[in-house]
Amino acid sequence: MPTMKKKNFDCVEMKNNAQAALLEEYEKRQGEFSDFAIFVHETRSELEKAALARLLKRKSKASA
């Protein structure tokens, strides 16, 4: 039977942290949006840009 690799991170914890951060941002900016769905739609590009920047930063560090 193959040996299982030890995970470096917990996917569920990562998801929960991402959702908590999103909700916290919404609560800070709630006055700008009529509801959470509108907030997610309107800020999606901001979130995508931030996520892409983090990924590219990690990638550049890994290749250095």
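**Group meeting talk: two helices and a pocket**

Let's start with Arg29, which touches Thr43 and Glu46 once residues up to four places away in sequence are set aside. Before I go on, a reminder that we are looking at a predicted model. Arg29 sits in helix H1. Is Arg29 buried or exposed? Its relative accessible area is 17%, so Arg29 counts as buried, the cut-off being under 20%.

Now follow that contact across to Thr43. Thr43 belongs to helix H2, and what Thr43 touches, apart from residues up to four places away in sequence, is Arg29 and Phe33. With a relative accessible area of 1%, Thr43 is buried too, because buried here means under 20%. So where does a polar side chain find a partner in there? If you zoom in, a polar atom of the Thr43 side chain lies 2.6 Å from the backbone oxygen of Phe39.

Here is a general point to keep in mind while you look at that pair. In an α-helix there are 3.6 residues a turn, so residues three or four places apart point the same way.

That brings us to Phe39, which also has its place in helix H2. How accessible is Phe39? The relative accessible area comes out at 0%, so Phe39 is buried by the under 20% cut-off. And what does Phe39 meet? Leaving out neighbours within four places in sequence, Phe39 is in contact with Leu22, Glu25, Tyr26 and Phe33. Phe33 is a name you have heard already, as it is touched by Thr43. If you would like a distance to hold on to, the C-alpha atoms of Phe39 and Arg29 are 8.5 Å apart in space, and the two residues are ten apart in sequence.

Let me turn to helix H1 for a moment. H1 runs over residues 11-29. It has 19 residues, and from first C-alpha to last it reaches 27 Å, close to the 27 Å expected at 1.5 Å a residue. What caps the N-terminal end of H1? That is Asp10, with a side-chain oxygen 3.0 Å from the backbone nitrogen of Val12. A little further along H1 you will find Asn16. The side chain of Asn16 makes a polar contact of 2.9 Å with the side chain of Lys15. Asn16 has 37% relative accessibility, so it counts as partly exposed, between the 20% and 50% limits.

Last stop, the largest pocket. It holds about 390 Å³ of space. How many residues line it? There are 13, and those nearest the centre are Ala18, Ala21, Leu47, Ala51 and Arg54. Helices H1 and H2, the latter spanning 36-63, each supply at least two residues of this lining. Which helix gives the most? That is H2, with seven residues. As for the character of the lining, eight residues are nonpolar, one is polar and four are charged.

Please pick out Leu47 from that central group, since we can place it a bit better. Leu47 is found in helix H2, and its C-alpha is separated by 9.1 Å from that of Leu22, 25 residues away along the chain. Leu22, remember, is one of the contacts of Phe39. At 39% relative accessibility, Leu47 falls between 20% and 50%, so it counts as partly exposed.

To recap the trio we began with: Arg29 is buried, Thr43 is buried, and Phe39 is buried. Thanks, everyone, and I'm happy to rotate the view if anybody wants another look.

Note on methods. Residues are numbered from 1 along each chain as its sequence is written. This is a predicted model: local features need pLDDT of at least 70, side-chain atom pairs count only at pLDDT 80 or more; totals for chains, interfaces and linings use all residues. Side-chain values use heavy atoms; hydrogens and water are left out. On a 1 Å grid over the protein atoms alone, a cavity is a set of points where a 1.4 Å probe fits but cannot get out, and a pocket is an open set with protein on both sides within 12 Å along at least five of seven lines; lining residues have an atom within 4 Å of a point. Grid points are joined across faces, edges and corners, and a volume is the space filled by probe spheres set on the points. Helices (H or I, at least four residues) and strands (E, at least two) are DSSP runs, numbered from the N terminus. Ala, Val, Leu, Ile, Met, Phe, Trp, Tyr, Cys and Pro count as nonpolar, Asp, Glu, Lys and Arg as charged, and the others, Gly among them, as polar. Buried means under 20% relative accessible area, exposed over 50%, partly exposed in between (1.4 Å probe, protein chains only). A polar contact is a pair of N or O atoms within 3.5 Å; within protein, one must be able to donate a hydrogen and the other to accept it, and residues adjacent in sequence count only if both atoms are side-chain atoms. Contact means heavy atoms within 4.5 Å. The expected span of a helix is 1.5 Å times one less than its number of residues.
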